[in-house]
Amino acid sequence: MSSLRFRSHPLSTAVAQRALLAGLPLPQGFEAALARSGLSPLHATGIEILQMNLGKKCNQTCRHCHVDAGPDRREVMPDEVLEACMNVLESTAIPTVDITGGAPELHPRFRDIVVRAHEMGRHIIDRCNLTILMVAAYEDLGEFLAAHQVEIVASLPAPNGRQTDAQRGDGVFERSIAALRRLNALGYGTRPGLQLNLVTNPVGAFLPANQPALETAWKLELQRRYEVEFNHLYTITNMPISRYLEYLVDSGNFEAYMERLVQAYNPAAAAGVMCRNTLSVGWDGTLYDCDFNQMLEMPVNHGAPRRIFDFDVAKLDTRQIEVGTHCFGCTAGAGSSCGGATVS
Amino acid sequence: MSDHYYDAKDLGRFAEMGEEAPELWQKFLAWYSAVFAAGALTEREKSLIALGVAHAVQCPYCIDAYSRDCLEKGSNAEQMTEAVHVAAAIRGGASLVHGVQMRNHVHKLSM
């Protein structure tokens, strides 16, 4: 499979995706749902996480990808944007830097970012697809991440090959298990200070399972079958954006899935959405409330500066959040975020 | 009205059964929710049992609802297929074991 962009697919532009989402008749709109919950307008509560999207280049082309990332993408964060991000970290007390993509490790200055953030004493998260660790030029990446106490949040949709490969590509499960074993050998998931967390997206058009129950089941299963250990499992709801939106439309699940998300709206989940404590930086330096708004090209709004070069913590840390129909994905059931369920 | 006895959209109208007997419906809902809450069995185990029973009684509404529910409780096609086989084995076994009654009759009637 190639990216929507490469195929010039009708849904390859954010404009087309936003139009499709806006045109769907639903029992209630997201702003109305927030208002009924006493949360409108939604505001940030502070910037605890600076999430840097280093670009759309990836060594995989996952079916559900909201970034539309892949080997055929060329967007990579330029130096001036990267330096602006480092300046923001140096001039603020933002405790966590969350590095994502695509495959962020493919960025030529990925290690430089990690080294500098580590020297600043920040907590670093690497959103890792696992197979990158098995690519020849990146085989020492595990050691590098361990040396800098980077928290690895690794994608694994299921503890079996059939579902994992269906979502992420042929052979991905086998390479992922090999990567996990390599990380365990370095101390990840087994020694204090080397956090290895897994993130699972449902392999299809349904909501994630109960996070703690799934974590218990997966720990048993991965230990028993593959002798793999990890710290925590995060469940993430698939968002109706880019390739997952294509999947929903092509499989005839689009309307039913969106209705399911709306039906499962949970005010407690809405109160804990990640956009309230996260600021997302696009590869080109544009600022967003979250990675999903980034892919729908919905920058921060309501008077907040739109570029990293104009960063102003006073105008950003309690900014009004830009919302849309896709936000029902983060507020369904137990909620969803880059850190998993938002309601315990 | 549909040309078919079953219409997939009718599953979403289940709550209409409460219109003429609201008190009974509320009691049913309360009991149903309690049945499927985690207890000695996990929610996933109960959902798989429900899926098996749905196939045993051949209820298309339950098969629809519990196929989705099993997935949302963290199950997968492999586990769910085994659950259907359990239902089939019990149904088939129930027929087969009644064959002992057939044998009783044959013995009584035969020289």
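User: Which residue in β5(A) is the bridge partner of Ala154(A)?
Analyst: This is a predicted model, where local features need pLDDT of at least 70 and side-chain atom pairs count only at pLDDT 80 or more, while totals for chains, interfaces and linings use all residues. Residues are numbered from 1 along each chain as its sequence is written, with chains lettered from A and ligands numbered from 1 in the order in which they are written. Strands here are DSSP runs of E with at least two residues, helices are runs of H or I with at least four, and both are numbered from the N terminus. In β5(A), Ala154(A) has as its bridge partner Leu198(A).

User: In which sense do β4(A) and β5 of chain A pair?
Analyst: Two strands pair if DSSP finds at least two bridges between them. Strand β5 covers residues 196-200, and 4 bridges link this strand to β4(A). Strands of a sheet pair through backbone hydrogen bonds, in one of two senses. For β4(A) and β5(A), the sense is parallel.

User: Which are the edge strands of the sheet in chain A?
Analyst: The open sheet has 8 strands with mixed pairing, in the order β6-β5-β4-β3-β2-β1-β7-β8. An edge strand here pairs on one side only. Those strands are β6 (232-235) and β8 (287-288).

User: Which two residues does a cis peptide bond join?
Analyst: Most peptide bonds are trans, so a cis one is worth a look. Pro41(A) sits in the loop between α2 (30-36) and β1 (49-53) of chain A. With omega about -5 degrees, the cis bond joins Ser40(A) and Pro41(A).

User: Is His302(A) buried or exposed?
Analyst: You will find His302(A) in the loop between α12 (291-295) and α13 (313-316) of chain A, with a positive phi of about 55 degrees although it is not a glycine. A residue is buried if 20 or more other C-beta atoms, placed from the backbone, lie within 10 Å of its own, exposed if 12 or fewer, and partly exposed in between. Because 11 other C-beta atoms lie within 10 Å, His302(A) is exposed.

User: How many residues of chain B are in contact with chain A?
Analyst: Residues are in contact if their C-beta atoms, placed from the backbone, lie within 7 Å. On the chain A side there are 11 residues in contact, and helix α8 (residues 211-226) gives the most to that side, with 3 residues. On the chain B side, the number is 9.

Methods: Two residues are in contact if their C-beta atoms, placed from the backbone, lie within 7 Å.
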